[in-house]
Amino acid sequence: MRILIVEDDPNLLRQMQEALVDAGYVVDVATDGVEGHFLGDTEPYDAAILDLGLPELDGISVLKQWRESGREMPVLILTARGQWGEKVGGFDAGADDYVTKPFHMEEVLARVRALIRRSTGHASSELSCGPVTVDTSSSRVTVDGNLIKLTAQEFRLLSYMMHHQDKVCSRTELTEHIYDQDFDLDSNTIEVFIGRLRKKLGVPIINTKRGLGYQVTAPGEAAD
Ligand code: CA
């Protein structure tokens with residue numbers, strides 16, 4: 001899962017970036033509204049965290065422009081304490097949720113998880129497919145209840161496909177959602193990760209759709 005953070009306070013930005021990376025997300029950052037708007041408008045994100053008080057272009061304008069150009073990723077806005085008008089303005093501009101500064105990092109993480117879950121149509125924080133379960137709150141993966149150790153990239157790849165179960169995900173799509181903007185896209189890498197994931201999981205939940213990509217489906221269910 002790939003997240004965009006737009007925040008001009010360097011300390012806060014670094015703290016959020018570290019916490020999200022630790023939680024298994026790939027993170028792009030911007031420190032002003034113009035750069036933030038550009039990234040959100042051109043890169044595929046699974047969620048965005050947007051400060052409202054930003055240099056160059058304010059957060060509400062950034063959000064409005066994203067929504068006007070059809071960008072649908074869930075957006076968590078960061079509002080200043082006591083500024084209730086910011087929350088109203090933020091929701092009217094297309095925000096999905098908010099946190100008030102100062103906040104606990106755990107709250108931001110929980111809200112981001114919930115936003116991604118809801119936007120991909122899941123009610124529970126545990127995503128299951130046959131014997132495989134991904135617990136999105138602890139980043140743990142189990143097969144038949146046994147814990148499986150995955151690398152950060154393998155986890156991101158599995159987590160993305162589990163959030164989008166039954167959907168055929170192209171290699172480009174997978175690459176875009178598990179690497180940040182600085183990564184040189186080479187979709188063959190995905191094939192290698194898929195091979196390792198299949199081996200570690202040991203159960204056939206990842207189908208190859210020739211020429212199209214990959215699809216996570218419960219074993220025994222029709223793969224079309
Ligand atoms: Ca700010």
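This report covers a calcium site, two cysteines, a four-stranded sheet and one threonine in a predicted model.

## Calcium site

Three residues coordinate the calcium ion: Asp8, Asp51 and Gly53. Asp8 and Asp51 each donate through OD, while Gly53 donates through O. The coordination distances run from 2.2 to 2.3 Å. Along the sequence, the donor residues follow the spacing D-x42-D-x1-G. Water is not among the atoms, so the site may look incomplete.

Asp51 and Gly53 can also be described by their accessibility. Asp51 has a relative accessible area of 4%, so this donor counts as buried. Gly53 reaches 45% relative accessibility and is therefore partly exposed.

## Cysteines

The structure holds zero disulfides. Why is Cys129 without a bond to Cys169? The sulfur of Cys169 is the closest cysteine sulfur to that of Cys129, yet the two are 12 Å apart, too far for a bond. A disulfide needs the sulfur atoms within 2.5 Å. From the other side, Cys169 is likewise in no disulfide, and its nearest cysteine sulfur is that of Cys129, 12 Å away.

Cys129 is buried, at a relative accessible area of 1%. Cys169 is buried too, with a relative accessible area of 1%.

## The four-stranded sheet

Four strands form an open sheet in the order β6-β7-β8-β9. Their pairing is antiparallel. Which strands stand at the edges? They are β6 (126-129) and β9 (146-148). Each has a single partner strand, so one side of each is left without a neighbour in the sheet. On average, neighbouring strands of this sheet are turned by 25 degrees against each other, direction ignored.

At the β6 edge, the partner is β7, which covers residues 132-135. The two strands run antiparallel and are joined by four bridges. Within this pair, Ser128 stands opposite Thr133 of β7. In general, strands of a sheet pair through backbone hydrogen bonds, either parallel or antiparallel.

## Thr217

Thr217 lies in the segment after β11 (213-216). Is this residue buried or exposed? Thr217 is buried, because its relative accessible area is 3%, against a cut-off of under 20%. The side chain of Thr217 makes a polar contact with the side chain of Gln215, at 3.4 Å.

Note on methods. Residues are numbered from 1 along each chain as its sequence is written. This is a predicted model: local features need pLDDT of at least 70, side-chain atom pairs count only at pLDDT 80 or more; totals for chains, interfaces and linings use all residues. Side-chain values use heavy atoms; hydrogens and water are left out. Buried means under 20% relative accessible area, exposed over 50%, partly exposed in between (1.4 Å probe, protein chains only). A polar contact is a pair of N or O atoms within 3.5 Å; within protein, one must be able to donate a hydrogen and the other to accept it, and residues adjacent in sequence count only if both atoms are side-chain atoms. Donors are N, O and S atoms within 2.8 Å of the metal (3.2 Å for Na, K and Ca); water is not among the atoms, so sites may look incomplete. Two strands pair if DSSP finds at least two bridges between them. Axes are lines fitted to C-alpha atoms, for helices over the stretch in contact, and angles run from 0 to 180 degrees between N-to-C directions.
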